[in-house]
Amino acid sequence: MASSLFEEKTEDELWLEYKKTKSPQLRDKFIRQYMPLVKYVAGKLAVGMPGSVEFDDLVGFGQFGLLDAIEKFDPAKNVKFKTYAVTRIRGAIFDELRQLDWVPRSVRQKSREIEDTIVDLESKLGRTATDAEIAQQMGVSEAEYQQTVMKVSGTSVLSLNDVWYSGNDNDHMSIGDSIESPSSLNPDVIVEREEIRKIIVEAINELPEKEKMVIVLYYHEDLTFKEIGQVLDVSESRISQLHTKANLRLRAKLTNLRKGIM
């Protein structure tokens, strides 16, 4: 009887009802309805992960994000639940992977080295650094730099969810957090997050054209690397490389900002 009552209502009405009642039956309905979304996000992230990371583990991590999304979703914000949930699911998977610390130390060091180089260069140049300039600053050839990026992109979970992550668990703010500004936050925090969001948009606009395309198609249009490769007529591994470069640049820009350089 209860389920037939649910079916007569629109999804918006069901969310408003859940917000008021926190009905366990409604919660279960939402979990069943959106489980395929968890598998979809996990499937996208599984591409390029080392064999030691199981797809089922990613799904398990993503379920935490779905539950979190169901609890925190506010239908009054005019954001589709699916859009909100994808950010939370992706964020939960990244958080678990970070805690597992499965990325080899050497790769993490290389990633940080590239990021630090971009931070230094761009603060001096006052503009986006080219690959050739980054390679020169690191004391390697451009080909060696591209190989390093490929190595990082092969095992990296660099993501836009991670760009405001400074290495301290207490100082972690994801893009998802910066996009939503719950009414429970005080106005100062809301203003600060709006500022961060503006900066992230500006930073994306300053990326080299192909990197910007990859970011927009991956995060906004929700395409896979393979699909983006077909759109831009390049290989999937090249898209992975462009995605990693874009994220390293974004993290560097935001690091500069934190230091008060920008």
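How far apart are the end C-alpha atoms of H5, and what span should its 20 residues have at 1.5 Å a residue?

**View 1. Helix H5 and its span in the predicted model.** At 1.5 Å a residue, the 20 residues of H5 should span 28 Å, and the end C-alpha atoms of this helix are indeed 28 Å apart, so the expected and the computed values agree. Among the buried residues of H5 are Phe-81, Tyr-84, Ala-85 and Val-86, and the list continues along the helix to include Arg-88, Ile-89, Arg-90, Ile-93 and Leu-97.

**View 2. Helix H4 and what covers its buried residues.** For the 18 residues of H4, a rise of 1.5 Å a residue gives an expected span of 26 Å, which agrees with the 26 Å that separates the end C-alpha atoms of the helix. The residues of H4 that are buried are Leu-58, Val-59, Phe-61, Gly-62, Gly-65, Leu-66, Ala-69 and Ile-70, and the elements that cover them include H2, H3 and H5.

**View 3. The largest nonpolar core, with 46 residues.** Within this core, the residues with the most contacts are Trp-15, Phe-30, Leu-66, Phe-81, Ile-89, Ile-93 and Ile-228. The helices that each supply at least two residues of the core include H2 (11-21), H3 (24-46), H4 (55-72) and H5 (81-100), as well as H12 (225-232) and H13 (236-258). Helix H3 gives the most to this core, with 9 residues.

**View 4. The surroundings of Phe-81 and a separate core.** Leaving aside residues up to four places away in sequence, Phe-81 touches Trp-15, Tyr-34, Leu-66, Ala-69, Ile-70 and Phe-73. Apart from the largest core lies another one, of 12 residues, which includes Ala-135, Met-138, Val-149 and Leu-248.

**View 5. Gln-146 in helix H8.** Gln-146 is found in the helix formed by residues 142-155, and, since its relative accessibility is 19% and buried means under 20%, Gln-146 counts as buried. When residues up to four places away in sequence are not counted, Gln-146 touches Asp-131, Gln-241 and Lys-245. With Lys-245, the side chain of Gln-146 also makes a polar contact of 2.9 Å.

**View 6. Val-119 in helix H6.** Val-119 lies in the helix that runs over residues 105-125, and its relative accessibility of 3% is the reason why Val-119 counts as buried. Although Val-119 and Arg-249 are 130 residues apart along the chain, their C-alpha atoms are separated by 8.2 Å.

Conventions:
Residues numbered from 1 in each chain as written. Predicted model: local features only at pLDDT ≥ 70, side-chain atom pairs only at ≥ 80, totals over all residues. Heavy atoms only, no water. Helix = DSSP H or I, 4+ residues; strand = E, 2+ residues; numbered from the N terminus. Buried < 20%, exposed > 50% of the residue type's maximum accessible area, 1.4 Å probe, protein only. Polar contact = N/O pair within 3.5 Å; in protein donor to acceptor, adjacent residues only side chain to side chain. Contact = heavy atoms within 4.5 Å. Core = buried A, V, L, I, M, F, W, Y, C linked by side-chain atoms within 4.5 Å. Expected span 1.5 Å × (residues − 1).
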